[in-house]
Structures are given as structure tokens and as C-alpha cells.
Amino acid sequence: MNTTMRPSTALVPPVAETRHEEDLARGLVAADEEAFAAIYRHWEPLVHTMATRSLGDAHEAEDVTQQVFIGAWGGRHGFRPERGALGAWLVGIARRKIIDALAARTRRLALVASAAHGTTPTRFVQEMPGEVLDRVLLGGVPTGKVRYDNLRAAVAQVLGLSRRRVEAERWTAFRSHYGLEAFYCQPGIRGAHEKGGVEGQIGWFRRNHLVPVPEVDTLAELNAMIDRWDLEDDDRRIRSRSHTIGEYFATERSLLAPLPEDSFETGRLSTPRVDRYSQICVRMNRYSVPVRLIGRTVRVMLHASELVVYDGRDEVARHERLIARGATRLELDHYLEALIRKPGALPGATALDQARAAGRFTPIHDAWWQAAVKAQGERDGTRALIEVLLLSRHLPHEHLVTGLAAALQSGALASDAVALEARKAADADTEPKRHLHPPPVVSTAARRCPLPSGPSYRPTNAPCPPSPTTTSFCGSADPNPTAEENAMTLPRQRGLTEQAANTAVDQACRMLRLPTIRSQFPELAEKAEREQMSYLGFLAELLLAECDDRARRRSERRIKAAGFPRDKSLRKFDFDANPNIDAAMIHTLAKCEWIKKGLPRCLIGDSGTGKSHLLIALGTEAAMAGFRVKYVLATKLVNELVEAADEKQLTKTIARYGRVDLLCIDELGYMELDRRGAELLFQVLTEREEKNSVAIASNESFSKAHMFR
């Protein structure tokens, strides 16, 4: 249906302003540098504001602004005043340059991510919309006028009976990018003869290739099929013509203009806000993002088949676009940080159902989960599964499933064991559905929480109650006062009352940060008066109480920082249960002289002989003696080193473990280490050699080299 535009004076700009813009436009076409300088002064603030709001970076917005005006000067001969105002033309160029900047940023991030993981971003490269358009344009841009029908994607309004059109915003940007000059057909029956041949060939293609409608899983698969059919059509002749379609195109190829250097970004940019469910709403559909972004505004680039979510310059989510309205697409990985705190929400989560439907959560995941819940309880078993799911951020999905199957077979119900088995699968390059049967390896979790169907193991004893903490006198108690504390002096008076004196002591202790003296001063003052202590003796009692309490708090902090899984002490160790352990030697080791010399110690024995008890007890004694101690399981240490290597943080991680005075490594040898993990563990031990001590508890002799295969 044809429509006519009603005359309206409200939309007509002032005559003087219109005249000024027309003069600048003529000067631009005539390559007048003074006119171009005036154009830059007039429109530069608008272009810079647009770029800053879209990119979020003032420096990058400045670069885009310069590119806009450089492009306007270089393409000034393509400006047509009859097609629109100069300002609208510049805004179109600005939007195109902003989209190009966002696309270049996305490509850089993809290349950086692929370089960090040693892979090629194949999926990203294949699905770039700009490259799809370049392929549609057949390697070049048609010159002269290009005939178009009044498609809705390009034409927003038909103006009367003429060929003038109000174009869609994105269509204007597309034509400006490729330099296309549009010639619109007449609407209705009047323009039927102007495009009959094209519509006839499109109908032939549809009837021969798209009837019946092909069944595909993704749009990428459909596009690949259409590309194949398009290439096959090069050998077809239209009716009785003498040449094929491919031969005609070979003749016309030389008439095409070269493609622009940058691809056109077809995506539509929006900035939704993340709701409390960690979801964003885009075109009446909801998509998940990581929970850390709740309450923040993100940028979304919406394409025909997918959408990409950015937080600043970082890509945080990528989803296949939903076609229907009111649908939801959730990624289970986005909610793992919240689920690790509330594991009870996982069984009924919608994200879990979608992960099952997509094949990301396999029956092997369910089997391992059920076994972990049966052995460790609902809460701890589900939390162990979530820790396994977090491994998918560092390990390929196929190898992780293989590791789950191997760990389930051996009864290893811990995430560290799954990671170890997954890396073994990666080293062996196993098939996703071909799970190898490793030699029977019994993990600590299996020994402590055996399954009824598996072999029966003797459970470990209950944890010992915390040992009494010893106190000692060490160091000075008076910290250096700051300048602020020097300025805050208390008024000194003679003949203070008892209440005023107590208040003055309390304020002074707060200022000097002496909490023990502040809390114990009344008792110590009463004791000094009762025992008739001298002033010097009373002062010594106060300082000794403060120093002893500080030493106790430092010991508690060091013990907590060591990360011991439970409290163990030498007092609670039963030397009679294992006569092979020399009690005198153990108490000699508790004096920590070997730690001062940087010597290593290794506790070797079978399961249940007290290795872990002695290792934790000796580490506790070292922490109480003032040494920095770190306790870690061998599998957990290896997993941390592998993840640090993948994230380019290996040097910092090794240095962190190298700074402690005593490194306690427990359960070395219970599970076979993969080659990469053994090499990284060797780097940690080499870093500490002859500098700091290492204490290892193992059930295997180091002469058995199969531990490090």
C-alpha cells in the first residue's frame, strides 16, 4: 500500500541553520579545508559523545572520532546532499566506526583467549557476521546503482509515488560501509517488471533446495548447506543461455569494487541491567550471565544467531539466540559461585535441566553425584559435584567426563581426583566415549567414606580435641606510634581520682593498641597492690601479659594460615599403637632445628600408621615456634599448579609456596600423578631446595618411579 507524507512545518529546521549546513556540505565536496575544519568543530562533540557512551573508554572514543572525520574527508565524493543532511551522514559514519571498534575489540579478546589456551578460535572466526556478508558480496562490491525491492529491513517508509525512501538506520550504516548506491523498485504492480528475473531465480532456488524444509540443528549447519547449493548452481544454465551462471559471474567479477578492509558489524548493541536472578532481558527473552554481575549494566551485541555479553572490554557470556518470545536460556556455569554456598538449590535448578538437555550434564555426572551424596551426605556430596563442574573452566568437557568415569570406577569421590584423572585423559588424548580402565587406585575419600558396593575400608579415628595452646614471651609489645597518635596527647593531671585514672588508662591503651593491658589492667593493679609490687615489677607484669597474649594470637594466626584440616597434637598421638615410631626422634623434630637448617623430612608408611597425624602435629609445633607453615594435599597442590600454568600465573604460585618456612605435603603417592603434574610439583620442590624445609607424608617409597609417570 502506498502512503503519502503529510506536509508539516514542525519538522522543518530553521532556514539559517539549513543554509549554513548546505554551505558546509558544498565546501566538503569541493575539498575546502576551511569548511572541513568548521564541520569538525561543529560535529566533533556529538561524535565523541556517541563514541564514549557506546565504548565506555574515552581514549578509544577519541580514536574513533578521528577515524570518523578522516573517513568523512576520504569519502567526501560519496556524499549526496539529496539523500540526506550532512549531520545524518556523519552520524551514520560514526555508528559504523563504533561498531567496527566493538568488533575489533571482540576479535582481540578472542585471539588473546585462544593464545592463552593454545587453541584457535575457529568458532568465532567462522561465525563473524561481517565475513558472512563479505562472502555474500562474492568478493567485491557492485558499482553503480544496485536495484532493491522495498524490503522491511531496508525501507522504513515509502514516500509517495516516487523512488524516495526513509531508510532503516542499520541499512543506512550497511550501505555506507560498502559504498552501495540503492535504486528502489516501484511498489506493487507498477514495479513487478523491475525485479521479475531476480524473483524468478529465487523461487527456483527455494523450490529445488528448500522444499521440503530441511531439518537442521543450528543455523550454521543451514548456512553451510546453502553455501554448498550456491556453489553447485555455478554449473547451471538459465533456460537456453549459452553460458553457465559461474561463467557469467567470472566475466562480471572484474567490474566489482574491492571490499573494505574492515568487516561490517551486523550486531545490534544494547545495554541491559542484570537482575537479581543473574539474567538480562534482550528482545523479550532472558539470558544468564555470571552471578558476580548482579545489579550491573552490561553491553550486549545481538546477532542473527547469537548474542555476546560484555562487561567493560571482557566477554562474559555467549548464547545462541532464542527465536520465540518469553523464553529463557541459562548456563549452569554462570551460577556455580552461588551454588557452592547454597548447594541445596542445585537439584531443582532450571539451569541444571537445560544443561542436561544440551548434553553438558551427562549421566556420568549424575552417577558420580549420587555416589558422592551417598558417601558424604547431601550437602557435601553436592558441593563436591559443584567443585567438579568448576573444573570445566580449565579442562575440556570430554576429558572431564572421562575423568569422572575413571574416578567413579576407582571410588575417588573428590574433585582433585577427578581433575587428576581428566589431565591423564588429556595426556593420553582419549576419545570422549571411550573410557579407559586405569589400574585400581584407592583415594583418601574412598577410604574414609566407602560405598556399600565397594570394598570395605577401616574408617579413620575421630578428630582429636584441640590441644591447649602454649604461650611464650617474644619480642617487644610497643608498636611505633603514628603521627596522628603523636598529635593526640592526653592531658596530664596530678591527683587523679581512681575513676579518672581508669578512664585515662583505657584511652591510652586504645591509642597505643594494647588490648591485653586494657582488659587485664584492673586485675593486675589489684594484684600488685595486694602483693606490694614495686613500680618496675608492676610495669613488667603488664608488658609480659601483653607480649604473651600477642605471641598467642600470632601462633593462632599462623596455625589458621597453615590450612590444617583438623587439630592434631603430639600429646594425643599414641606411640604404643605403632612401636616402630621413635618417640624421642619425633620430640626432637618438634624442636624445629631441622626447619632452621632448611632440611627436608619424609614420613613413609602404610595407611592408618599416623603419618597425617604426625605431619599436622609437627606443622602445628612449627607454627607455634614462629615459622610460616602451609599444609596441602598432593593432588590439590598439583591441580592448583596446573590451573596456574593455564592462567599464566605459575611463577607467582610457585613463589607463594616458596616463601613459607615449612611446606607440608600430605597423601603423596595415594594417586598416580600425570606427567605434567609431576613436573610442576618437581618445580615447587626445586624452588625450596636447600632454602626452606619440606615435610612429606607418603605411603610409597620414592624409589617407585611409577608415581611420577
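## Cysteines

Cys509 has a relative accessibility of 6% and therefore counts as buried, the cut-off being under 20%. Cys185 also counts as buried, because its relative accessibility is 1%. The structure, which is a predicted model, holds 0 disulfides.

## The sheet of S6, S7 and S11

An open sheet is formed by 3 strands, arranged in the order S6-S7-S11, and its pairing is mixed. The edge strands are S6 and S11, the latter spanning residues 328–329; each of these pairs on one side only.

Within this sheet, strand S6 covers residues 279–282 and strand S7 covers residues 285–288. The two run in the antiparallel sense and are paired over 4 bridges. Among the bridge partners, Gln279 is matched with Ser288 in S7, and Ile280 is matched with Tyr287 in S7. The hairpin made by S6 and S7 has 2 residues between the strands. In this hairpin Arg283 adopts a positive phi, near 55 degrees.

## A nonpolar patch and helix H21

Leu536, Leu539 and Leu543 make a nonpolar patch on the surface, with an area of about 300 Å². One of these residues, Leu539, lies in helix H21, which spans residues 535–562. An α-helix has 3.6 residues a turn, so residues three or four places apart point the same way.

Leu539 has a relative accessible area of 44% and is therefore classed as partly exposed, a class that lies between the limits of 20% for buried and 50% for exposed. Its value also satisfies the requirement of over 30% relative accessible area for residues that make a patch.

## Helix H24

Helix H24 runs through residues 611–624 and has 14 residues. From its first C-alpha to its last it reaches 20 Å, which is close to the 20 Å expected at 1.5 Å a residue. The helix is mostly covered, with 13 of its 14 residues buried.

After H24 comes Gly626, which has a positive phi near 105 degrees. A positive phi is also found at Arg283, in the hairpin of S6 and S7.

Technical notes: Residues are numbered from 1 along each chain as its sequence is written. This is a predicted model: local features need pLDDT of at least 70, side-chain atom pairs count only at pLDDT 80 or more; totals for chains, interfaces and linings use all residues. Side-chain values use heavy atoms; hydrogens and water are left out. Two strands pair if DSSP finds at least two bridges between them. A disulfide is a pair of cysteine sulfur atoms within 2.5 Å. Buried means under 20% relative accessible area, exposed over 50%, partly exposed in between (1.4 Å probe, protein chains only). Patches are made of residues with over 30% relative accessible area and no salt bridge: like charges are joined within 9 Å, nonpolar side chains (Val, Leu, Ile, Met, Phe, Trp, Tyr) within 5 Å. Accessible areas come from the Shrake-Rupley method with a 1.4 Å probe; for residues, only the protein chains shown count as cover. A salt bridge is a side-chain nitrogen of Lys or Arg within 4 Å of a carboxyl oxygen of Asp or Glu. The expected span of a helix is 1.5 Å times one less than its number of residues.
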